[in-house]
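Colleague: Could you take one strand of this model and walk me through it slowly, as you would for somebody in a first year of study? I would like to see how a single part sits within its surroundings.

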Amino acid sequence: MTDYLDARSTVQDPDFDGMEAEGGALGCDGSLAAEDLPAADALTFEERLAVLNRTVMRHPLNREILYKALVFCETERPLREAEDFIAALPQFAACTQNQYYLLTSLVRAHGLVLIERDEAGNEVSPDQKEGLTEDEIDDLVAAISFKTTEVGAYFAEYNRPAARLVDLLHLVPERTDTYIELLRFVDGAARPYGQIEHLLAGRPALETVIDGRVETMQPSVFVDKLERAGALVWKDGWTLTEEGREFLEDLLEHDQA
Amino acid sequence: MSKTSLTRRSFVKVSALAGAAATVGASMAGCMQESGPAEGGEEQALSSTEGLTKVRTSCHGCIQMCPAIAYMKDGVVVKLEGDPEAPVSRGSLCIKGLNQLHTMYSPRRVLHPLRRAGERGENKWEVISWDEAITEAATHIKDAIDKYGNYAFFSSVGGGGSYSFMEAMTLPMAFGSPTVFEPGCAQCYLPRWSMSKLFYGGDDQSVADNAVQEIFKVTDNKTEVVVIWGAQPSVSETAESGRGMAELRAAGVKTVVVDPNFSPDAVKADVWLPVRPGTDTKLLLSWFRYIFENKLYDEEFTKYWTNLPFLIDPDTKLPVKAQELFPDFAQTTPENTPAYVCFDLKTGAVAPFEYSAPADSAVDPEIFWAGEFNGKQYKTAGQIYKEEADPWTLERTAEECWVPADRIEAAIKLYAENNGGIVNGVASDMTESASQVPLGCMGLDSIMGRIFKPGCTMTKKASGVFGPTGEVAAPTRPLTYNNGFDGMFSDMYGVGAVIGLSDAENEARIKELGEKMPDSQRILNKLLQDRLGMKDHKGLYAWCHSHIPTVRNAIATGEPFKPRVWFDMSGNKLAMLGNAKSWYDVFPEVDYIICQYPHLTSFQIEAADLVFPLREWLEEPMVNMSQLDTQWLQNECVHIGETVSHSIPAAQVVNKCRELWGGEIPGGLMPGYLGSATEAEVKQSTAETLGAPDWETLQANIDEYVPHVTPDYWKYNQHEEIADDGLPVGFGTESRKVETYCQILLKLARNGYPFCYPEPQESCADYSPICVPIEPAESPYEGMPGYDAEYPFVLTSGRVPYFHHGTMRHAPFSRELFPCAEIRINPAAAADLGIEHMDWVKVTSRRGEVHARAYLTEGIGPKTVWMERFWNPECFDASQENPTGGWRECNVNVLTKNDAPFNEVYGSYTNRGFTVKIEKSTRPENIWVEAEEFEPFMPTTEMLAEAQTKDVF
């Protein structure tokens with residue numbers, strides 16, 4: 001299994017021959033009805049996980065939002081609540097899709113399940129809709145909500161920021177101190193990139209070997225990898241995410257920072 | 001973009017475009033010969049244009065841009081033909097040009113800004129306003145730079161169909177980023193273009209890029225032989241260079257064609273050398289050997305106008321300066337014209353060799369000499385070349401290059417015994433030997449004394465392609481500027497040494513420029529040093545481009561920085577980039593992808609988040625390339641939708657970014673982006689280039705201003721004229737001579753000189769200053785590195801006459817003629833595999849597999865196979881479940897090799913000359929073959945009815 005947010009290896013090799021397994025196309029508005037859902041039963045758990053992985057990793061600007069939506073919907077969430085949650089995420093400012101599209105794309109990818117409920121709050125089954133007109137179905141379905149599937153929960157757990165951060169810090173040990181220094185630097189105050197650039201300029205940690213040649217990396221490499229690990233977020237400057245702060249506090253508590 | 005309701009056949013019957021179908025046949029059939037009108041032809045011709053509005057323009061179906069005439073009815077272009085006044089194309093217009101009648105009105109046209117509505121790859125789009133599109137692009141760019149620094153931005157271009165080369169090169173400069181690439185840079189033309197500047201400071205030998213004009217002169221043409229080395233002008237540039245070659249052959253000019261494929265030019269050649277793909281260097285060395293051994297070279301020119309007599313220091317590999325061996329030597333020439341050392345036949349001793357006219361030389365230099373001086377062993381550069389060539393006997397070359405020895409000998413004799421020269425095309429650029437082949441081709445012409453001579457290909461015109469106007473006429477020591485075309489960025493930003501200035505002069509110049517623009521000099525120096533892949537492949541500096549595989553790896557790994565917002569300025573990158581799948585794999589690593597193109601191709605569908613609509617060539621004002629000494633107008637014949645000229649979207653985005661940042665782009669260069677922001681600027685610039693005061697005056701008096709003739713265009717023997725320092729003008733090199741031993745390449749490898757100056761780049765392994773033999777990385781020979789018995793065939797590729805680069809695949813009539821990927825296989829080889837003509841086969845390389853129809857022909861060797869270079873089926877439309885259009889199934893670039901070994905100077909990878917296996921297969925489900933299947937490409941009634949619109953900006 002590949003973990004899409006793995007900071008160790010930015011590019012995974014998507015299933016080049018198997019991408020059509022993602023199910024049918026959405027409308028331009030992202031509209032999706034429960035009966036349009038792909039037959040998840042026809043796929044194994046691993047196959048559904050691969051489809052979800054592909055969907056989440058497909059666009060970098062949407063990635064962390066999709067991940068957080070999976071976590072958020074571990075408790076069933078009404079559409080409005082899920083949309084509001086997404087809209088409040090700082091990453092949403094650069095997102096390329098609307099909230100509804102993002103949620104339904106996770107449904108298509110087996111990460112969320114779309115639940116339709118009647119006025120009484122009971123789940124509407126496909127049998128109940130059989131033979132009804134579109135208007136009658138609209139009357140029957142009073143609300144929709146989303147809940148993370150078993151596959152989605154597995155994915156979310158596997159890609160917890162803490163796990164990603166541990167992986168990142170172990171990947172190139174000589175960079176660990178710089179990662180931690182950067183986490184501390186952005187703790188408390190949002191830092192513009194220029195300040196980070198200034199902080200790390202000339203550091204030996206910026207040196208790396210690519211194809212046998214010593215290259216000097218840009219400080220943005222550290223920012224990118226910490227962001228990818230879920231520790232940094234841009235809020236008019238780089239700052240810690242909640243998970244990043246917890247991770248840093250944990251390090252401090254154990255005297256590792 | 002709705003699908004037409006007309007059937008293909010009914011469209012042909014009713015459409016005014018029916019003339020196009022007739023024109024395709026007529027143009028090709030009547031080409032190359034004077035003939036009377038066909039029966040009824042004159043009457044037909046008259047009636048076919050009766051009532052139509054005639055507009056003079058230029059085709060832009062390929063880079064040569066033949067003058068053309070557009071005929072319009074009710075605002076729709078209904079007929080195209082060549083302009084009979086054009087001196088080389090002479091009224092010809094090829095299929096590529098005629099395709100415009102379909103592509104202009106294609107349902108694939110993008111007429112409004114598009115924002116992706118679904119996932120990348122789903123082909124779902126939302127039409128948005130220009131304001132929204134510009135703001136969205138600018139916001140993403142600004143966000144990325146604010147968050148990750150200037151290097152987050154990158155641009156690209158290439159693939160045909162748009163012309164934004166300068167714009168793509170300068171767009172990252174505006175954003176303070178070093179990253180830009182073009183598949184057609186190191187892989188197409190840059191190695192030959194750049195090498196000619198380093199070799200002798202003149203124009204290159206490309207017949208595919210308008211550099212070679214001399215051989216096509218209509219009057220007083222002195223050409224007797226043309227060697228076409230790795231080009232097929234009759235296919236690639238049919239109406240101009242192809243027509244020109246046909247005229248030459250008709251006039252009795254001899255031709256030699258070096259090409260694994262039996263191209264139309266090979267068919268007509270006096271000698272065809274079907275070289276094994278990727279082994280051209282070995283063949284070139286056999287020519288050197290034969291010419292040296294049989295003393296066929298121009299001895300005086302080689303002695304006095306090339307650097308081959310110079311003694312080479314075995315430690316530095318550089319020519320020895322006179323003062324190094326003769327400390328008391330008092331040089332009489334200026335500091336910018338060094339004296340070197342030779343073995344003097346007059347005295348029989350090693351002696352200083354000062355620059356002078358041959359008649360004034362104090363020495364009689366020996367070209368081939370090896371010996372001791374002051375206890376150290378030296379060789380002349382000529383001797384080094386001779387020894388490199390020595391193993392390449394006709395027999396050995398025949399064995400390794402798969403060409404009979406007697407045919408090689410016949411070719412060399414034809415070349416040596418007749419006046420003329422070598423022309424080339426992109427073939428070598430697509431291999432590891434991208435720098436060595438032009439070194440060899442120019443080297444041969446140099447030892448034959450065929451430079452700046454009538455009838456030769458290596459001439460420097462008064463206004464050469466991308467060359468300085470009038471420079472050769474100036475009686476001064478020639479200089480070669482570096483960094484960009486004509487070294488334009490050197491003066492603009494104060495970076496780069498000038499070849500031909502002394503060290504002290506360069507130092508003073510760069511200091512002065514640095515004082516004038518310290519920030520620019522500092523920023524550009526840094527960009528040069530940080531550009532991806534440049535430590536090893538410094539030749540890319542010539543066009544300010546990055547090394548493509550290194551960019552791809554940086555996107556993939558995020559190191560040494562992550563290019564993350566991409567502005568692609570033309571073409572279908574999946575059709576152009578080597579190992580296309582490896583690029584597809586990194587699309588999910590790019591934050592935001594902005595494209596501009598007149599059409600949606602599989603690349604825009606798979607990758608783009610935003611698409612800006614561009615004008616087609618029938619809509620965009622421009623000045624064409626030259627034909628001989630003439631330049632022509634590409635006119636605004638029509639204009640539909642909200643399309644804009646190619647330079648405008650980026651200019652608008654840059655302006656919006658400046659606004660968002662409150663004035664200036666932090667870390668960006670000024671002026672940075674070089675491209676017009678409005679159509680008025682585009683039109684004014686076009687008018688001025690043609691000598692008109694403004695666009696309106698030009699339009700009112702087209703016949704007065706078009707063609708624009710460059711005065712005193714033809715120049716010969718200018719190196720012998722006397723310059724203002726009293727010496728012969730010479731050449732724009734360090735030694736002032738033709739550097740057949742290309743000594744500047746050694747400095748380039750060691751510190752980036754002359755591009756990285758004043759700040760040096762890190763050194764890399766030395767580049768070879770001469771042509772050396774290269775065996776392709778994937779050899780078909782057992783025992784050679786890279787041999788794998790599983791892949792027994794060598795695949796090479798080239799063009800077909802119906803399409804240019806990755807463009808025009810949605811021109812339905814051309815697709816009817818050439819509907820799907822084909823692979824040319826020798827019948828004997830095919831018989832062994834049980835493959836028959838037009839069977840579908842699977843072609844597998846070490847990177848991937850594609851399918852194609854087998855075209856059996858004796859015109860390809862039994863161990864070689866040939867495919868069209870850019871094939872991408874684009875078989876997508878709303879009716880297809882698979883929206884990728886078959887690029888994965890049929891794109892030859894799924895097979896190509898984009899990893900090491902690269903060409904040492906330019907980093908070119910292996911698009912040709914790698915090994916494959918062939919197996920029988922079946923037609924992929926989503927690949928169209930039958931004429932009716934191309935119905936979705938037909939111009940729609942909606943497109944034909946599109947209103948003529950005003951300029952957007």
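Modeller: Before we look at the strand, one term is needed: a residue counts as buried if 20 or more other C-beta atoms lie within 10 Å of its own. Please also keep in mind that this is a predicted model, and that the part I have chosen is strand β8 of chain B, residues 225-229.

Of the 5 residues in β8(B), 5 are buried, so the strand is largely enclosed by the rest of the structure. In a regular strand the side chains alternate between the two faces of the sheet. For β8(B), one side carries B:V225, B:V227 and B:W229, while the other carries B:V226 and B:I228, and since all of these are buried, both faces of the strand are covered.

Let us turn next to the neighbours in the sheet. Strands of a sheet pair through backbone hydrogen bonds, either parallel or antiparallel. β8(B) runs parallel to strand β9 of chain B, residues 254-258, and 5 bridges join the two; within this pairing, B:W229 stands opposite B:V258. β8(B) also pairs in the parallel sense with strand β16 of chain B, residues 420-424, again over 5 bridges, and here B:V226 has B:G421 as its bridge partner.

For contrast in the direction of pairing, you may look at another sheet of chain B, an open one of 3 strands in the order β11-β15-β14, where the pairing is antiparallel. Its edge strands are β11 (311-312) and β14 (370-373) of chain B, each of which pairs on one side only. Between β11(B) and strand β15 of chain B, residues 376-380, there are 2 bridges, and B:L311 has B:T380 as its bridge partner. Helix α15 of chain B, residues 381-389, lies across β11, β14 and β15 of chain B and runs at about 75° to β15(B).

Finally, it helps to set the strand within its whole chain, which has 34 helices and 28 strands. Of the 953 residues of chain B, 62% count as buried. A compact globule with 953 residues would have a radius of gyration near 30 Å, and the 27 Å of chain B agrees with this. Among the contacts in chain B with a separation of 6 or more, 71% are between residues 24 or more positions apart. Measured against that background, the close look ends where it began, with β8(B) largely enclosed by the rest of the structure.

Notes: Residues are numbered from 1 along each chain as its sequence is written. Chains are lettered from A and ligands numbered from 1 in the order in which they are written. This is a predicted model: local features need pLDDT of at least 70, side-chain atom pairs count only at pLDDT 80 or more; totals for chains, interfaces and linings use all residues. A residue is buried if 20 or more other C-beta atoms lie within 10 Å of its own, exposed if 12 or fewer, and partly exposed in between; C-beta atoms are placed from the backbone. Helices (H or I, at least four residues) and strands (E, at least two) are DSSP runs, numbered from the N terminus. Two strands pair if DSSP finds at least two bridges between them. The radius of gyration is taken over C-alpha atoms; the globule rule is 2.2 Å times the number of residues to the power 0.38. Two residues are in contact if their C-beta atoms, placed from the backbone, lie within 7 Å. Axes are lines fitted to C-alpha atoms, for helices over the stretch in contact, and angles run from 0 to 180 degrees between N-to-C directions.
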